[in-house]
Amino acid sequence: MRAVVFAGSGKVRVDDVAEPTLVEPGDALVRVDLGSICGSDLHLLSGKTPGLKPGSVIGHEFLGRVTEVADGTSLTAGDRVVGSFLIACGSCDRCANGRFNFCLKRRALGTGELTGDLDGAQAEYVRVPVADVNLRRIDDSLSDERALFVGDILTTGIYGARLTGAGDGDVAVVVGAGPVGLFAALALRRIGTRVIVVDTNARRASWAAAVLGLEVVGGAEHPEEAIVNLTGGAKADVAIDAVGAIPALKAAMRCVREAGRVVVLGVYGAERLDLAMGRAWVSGLDLRFAGMANIQGHWADALDAVSAGEIDPTTLITHRLSLDDAEQGYELFASQEAIKVVLTP
Ligand SMILES: NC(=O)c1ccc[n+]([C@@H]2O[C@H](COP(=O)([O-])OP(=O)(O)OC[C@H]3O[C@@H](n4cnc5c(N)ncnc54)[C@H](O)[C@@H]3O)[C@@H](O)[C@H]2O)c1
Ligand SMILES: [Zn+2]
Ligand SMILES: [Zn+2]
């Protein structure tokens, strides 16, 4: 079958690889009808998140139909499903408490040895372990493009918004106008929070304003000055780092008022934060690390938001390519020309 494989330092290649087979009880094989490229894929390519072997199939945002199941799943061939990037066991204490992202046997699709060495979903077929937990049936009223992001970035945005604790009448700053930041912003707006999205890339900020009607600050390394002005000096109640880079996290920390909460939703690797402890202490900085998004804990809410028309995920799709053109898709996304690239096998 055709699949996107890691070709070493910063590169991908579309190649012929063996089709996956059932390995564990509870597995399902899914024929992928639509996939996409995530910001986390870029971290894997750059080596920021280590452990991916050259030749591994990558990708973790997908939707399709079940073709084959092992014993121990209630799914059947033909079921239309969206897959979670996060692979949880469904039976440990943490899964039992709905905290799937801290599952004691946590894995992730297509993200290398540190996360279970599972092949990814930018392919014609993918094997999904513990299918009952990690696939969700979707009904035919939702198109592929509307349902696709429920398995990662849309639900990640909803999860990040939820972690801020913000509600109606609060002010939130979202640092990063990539797909994750944009979905976090839409999720916050959905619950009545005023959102200001900031991005050092002025083009991405302008796109968010023009297409999504979001309030933005574009092109500033120090957005806090603009945030002070826009909030009449009050600053934001909460902020989200939807980038995964220290300058962005520091910007988020400077944009919140005293005792404001900063949610770290972007992914980190070996970076270190030099924190002025006295200032953090006296201002009651509330720094909350997200970890992997709790997809299974929030995907019902994400599907509700889409079904009700409260969030239209298709607006973020700027490029529709064939899986065979994935290399070009990665270039478009890495250069930030694309907001979101979807791939059809
Ligand atoms: N927690 C999770 O489970 C989870 C899930 C999915 C993605 N992520 C992470 O979320 C992050 C964002 O993903 P994405 O797909 O939106 O990526 P992306 O690369 O498309 O977007 C990142 C954006 O941040 C902007 N940016 C960079 N430095 C900045 C700065 N200092 N200030 C303001 N903006 C800055 C960039 O211009 C870009 O628009 C990544 O780190 C990704 O790995 C986390
Ligand atoms: Zn992802
Ligand atoms: Zn578990």
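Visitor: How are the donor residues of the zinc ion (ligand 2) spaced in sequence?

Guide: They follow C-x21-H-x91-D. Keep in mind that this is a predicted model, where local features need pLDDT of at least 70, side-chain atom pairs count only at pLDDT 80 or more, and totals for chains, interfaces and linings use all residues. Residues are numbered from 1 along each chain as its sequence is written, chains are lettered from A and ligands numbered from 1 in the order in which they are written, and side-chain values use heavy atoms, with hydrogens and water left out.

Visitor: What makes C38, H60 and D152 donors of the zinc ion (ligand 2)?

Guide: Donors are N, O and S atoms within 2.8 Å of the metal (3.2 Å for Na, K and Ca), and sites may look incomplete because water is not among the atoms. Here SG of C38, NE2 of H60 and OD of D152 sit at 1.8 to 2.3 Å, so they pass the cut-off. C38 is in the loop between strand 3 (28-36) and helix 1 (39-46), and D152 in the loop between helix 4 (144-147) and helix 5 (153-164), so the pair ties together parts 114 residues apart in sequence. Helices (H or I, at least four residues) and strands (E, at least two) are DSSP runs, numbered from the N terminus.

Visitor: What makes R320 and E145 a salt bridge?

Guide: The rule asks for a side-chain nitrogen of Lys or Arg within 4 Å of a carboxyl oxygen of Asp or Glu. R320 and E145 meet at 2.8 Å, N to O, so they qualify. R320 lies in strand 16 (residues 317-322) and E145 in helix 4, so this pair joins parts 175 residues apart in sequence. By this rule the count comes to 23 salt bridges.

Visitor: Which salt bridges does R190 make with D301 and E310?

Guide: With D301, the closest N and O atoms are 3.0 Å apart. D301 lies in helix 11 (residues 295-307) and R190 in helix 6 (residues 179-190), so parts 111 residues apart in sequence are tied together. With E310, the N to O distance is 2.6 Å. E310 is in the loop between helix 11 and strand 16, so that pair links parts 120 residues apart in sequence.

Visitor: Why is R190 called partly exposed?

Guide: Buried means under 20% relative accessible area, exposed over 50%, and partly exposed in between (1.4 Å probe, protein chains only). R190 has 27%, so it is partly exposed. E310, at 48%, is partly exposed too. C38 and D152, by contrast, are buried.
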